[in-house]
Amino acid sequence: MPRLLQILCLLIFSALLAFSQTAPAPAIVTFTLDFPASQPEHYSIRVQSDGSARYQSSGRLSADSDETDSFDLGFTVTAETRQKIFELAAKAGYFQKDVDSHHKGLAFTGKKTLTYQDARRSGEATYNYSSNPAVQDLTSLMQNLSATLEFGHRLHYDHRYQKLALDEELKRMEEMARSNQLAEVTAIQPILDEIIADPLVINVTRARAQRLLERAGVR
């Protein structure tokens, strides 16, 4: 029996190893923005079809400061947002063609790059502004996601070093949430939970954090 059990375990392990080697890698959509006049000056959002995601940003702490701040966060995208991202990528032809409008006279709003990669295809498109509806929707979604994650980054700093600044940040978040300018608030739930649970934070501020999670369907 021990010998038979060893053989059975070996067969199961071999089958799992073979499956892991043949399973296709997840598809990936990446959005990058480079805009020296904004804060952050650079950021990238990488979303995989299995829901795992990574956000990275960098820029000066303020317009009159030479100090820079870098932010790196791994998080999970909700199924609804993940599906929307990959549906829009498909509608945009997986960024295999030029998507820039090339309209002269348009204000520069940052160098934007969308890339797609899976086992069968890949594409990359760089643009300032695109008239393609799918690219427009995907750009807005990614920018809203960046805004949300940057709020979370600042809230974490404020909660640790300047609690009185929390209320203004959360007030701005509520305003942007009402105008649908935030995305994936669940990604910053940990810091919102910390604020809600902290008795040293004033009640009105804790209530704002609570409302944001309720609006996101977390509470």
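Student: Hi! Lysine 163 first: is it buried or partly exposed?
Tutor: Lysine 163 counts as partly exposed, at 29% relative accessibility. Keep in mind that this is a predicted model.

Student: OK. Which side chain does lysine 163 meet in a salt bridge?
Tutor: That of aspartate 198, with an N to O distance of 3.9 Å. The two residues are 35 apart in the chain: lysine 163 sits in the loop between H3 and H4, and aspartate 198 in the loop between helix H5 (189-197) and helix H6 (203-215).

Student: And why does aspartate 198 count as buried?
Tutor: Its relative accessibility is 12%, and buried means under 20%, so aspartate 198 falls on the buried side of the cut-off.

Student: How many salt bridges does the count come to?
Tutor: Eight salt bridges. One of them joins the side chains of glutamate 169 and arginine 154, at 3.0 Å from N to O. This pair also ties distant parts of the chain together, with glutamate 169 in helix H4 (residues 166-178) and arginine 154 in helix H3 (residues 133-161), 15 residues apart.

Student: Glutamate 169, then: buried or exposed?
Tutor: Buried, with a relative accessible area of 12%. Its partner arginine 154 is partly exposed, at 28%.

Student: Nice. What does arginine 208 pair with?
Tutor: The side chain of arginine 208 forms a salt bridge with that of aspartate 167, at 2.9 Å from N to O. Here helix H6 supplies arginine 208 and helix H4 supplies aspartate 167, with their positions 41 residues apart in the chain. Arginine 208 is buried too, with a relative accessible area of 15%.

Student: Which residues are linked in a network of salt bridges?
Tutor: Asp167, Glu174, Arg208 and Arg211. So the pair we just discussed, arginine 208 and aspartate 167, belongs to that network.

Student: Switching to H3: how far does it reach from its first C-alpha to its last?
Tutor: H3 reaches 42 Å with 29 residues, close to the 42 Å expected at 1.5 Å a residue.

Student: And what goes on at the start of H3?
Tutor: Asparagine 132 has a side-chain oxygen that reaches to within 2.9 Å of the backbone nitrogen of alanine 134.

Student: Which strands does H3 lie across?
Tutor: H3 lies across E1, E2, E3, E4, strand E5 (111-117) and E6. Relative to E4, H3 runs at about 110°.

Student: In what order do the strands of the open sheet come?
Tutor: The order is E4-E3-E2-E1-E5-E6, six strands with antiparallel pairing. E4 and strand E6 (122-127) are the edge strands, each pairing on one side only. On average, neighbouring strands are turned by 10° against each other, ignoring direction.

Student: How many bridges are there between E2 and E3?
Tutor: Six, in the antiparallel sense, between strand E2 (residues 42-48) and strand E3 (residues 52-60). Arginine 46 has arginine 54 in E3 as its bridge partner, while histidine 42 is partnered by serine 58 in E3.

Student: What about the hairpin of E2 and E3: how many residues are between the strands?
Tutor: Three, and glycine 51 takes a positive phi near 100° in this hairpin.

Student: And how many bridges join E3 to E4?
Tutor: Nine bridges join E3 to strand E4 (residues 68-76), with the two running antiparallel. One facing pair is glycine 59 and aspartate 69, the aspartate being in E4.

Student: Now threonine 30. Where is it?
Tutor: Threonine 30 is in strand E1 (residues 28-34). At 17% relative accessibility it counts as buried.

Student: What does threonine 30 touch?
Tutor: Leaving aside residues up to four places away in sequence, threonine 30 touches Ile45, Arg46, Thr113, Leu114 and Thr115. Arg46 is the residue whose bridge partner in E3 is arginine 54.

Student: Last one, for the whole protein: what pattern does it follow along the sequence?
Tutor: The pattern is α-β-β-β-β-α-β-β-α-α-α-α, with six helices and six strands. Of its 219 residues, 40% count as buried. Among contacts between residues at least 6 apart in sequence, 55% join residues at least 24 apart.

Note on methods
Residues are numbered from 1 along each chain as its sequence is written. This is a predicted model: local features need pLDDT of at least 70, side-chain atom pairs count only at pLDDT 80 or more; totals for chains, interfaces and linings use all residues. Side-chain values use heavy atoms; hydrogens and water are left out. A salt bridge is a side-chain nitrogen of Lys or Arg within 4 Å of a carboxyl oxygen of Asp or Glu. Helices (H or I, at least four residues) and strands (E, at least two) are DSSP runs, numbered from the N terminus. Buried means under 20% relative accessible area, exposed over 50%, partly exposed in between (1.4 Å probe, protein chains only). The expected span of a helix is 1.5 Å times one less than its number of residues. A polar contact is a pair of N or O atoms within 3.5 Å; within protein, one must be able to donate a hydrogen and the other to accept it, and residues adjacent in sequence count only if both atoms are side-chain atoms. Contact means heavy atoms within 4.5 Å. Two strands pair if DSSP finds at least two bridges between them. Axes are lines fitted to C-alpha atoms, for helices over the stretch in contact, and angles run from 0 to 180 degrees between N-to-C directions.
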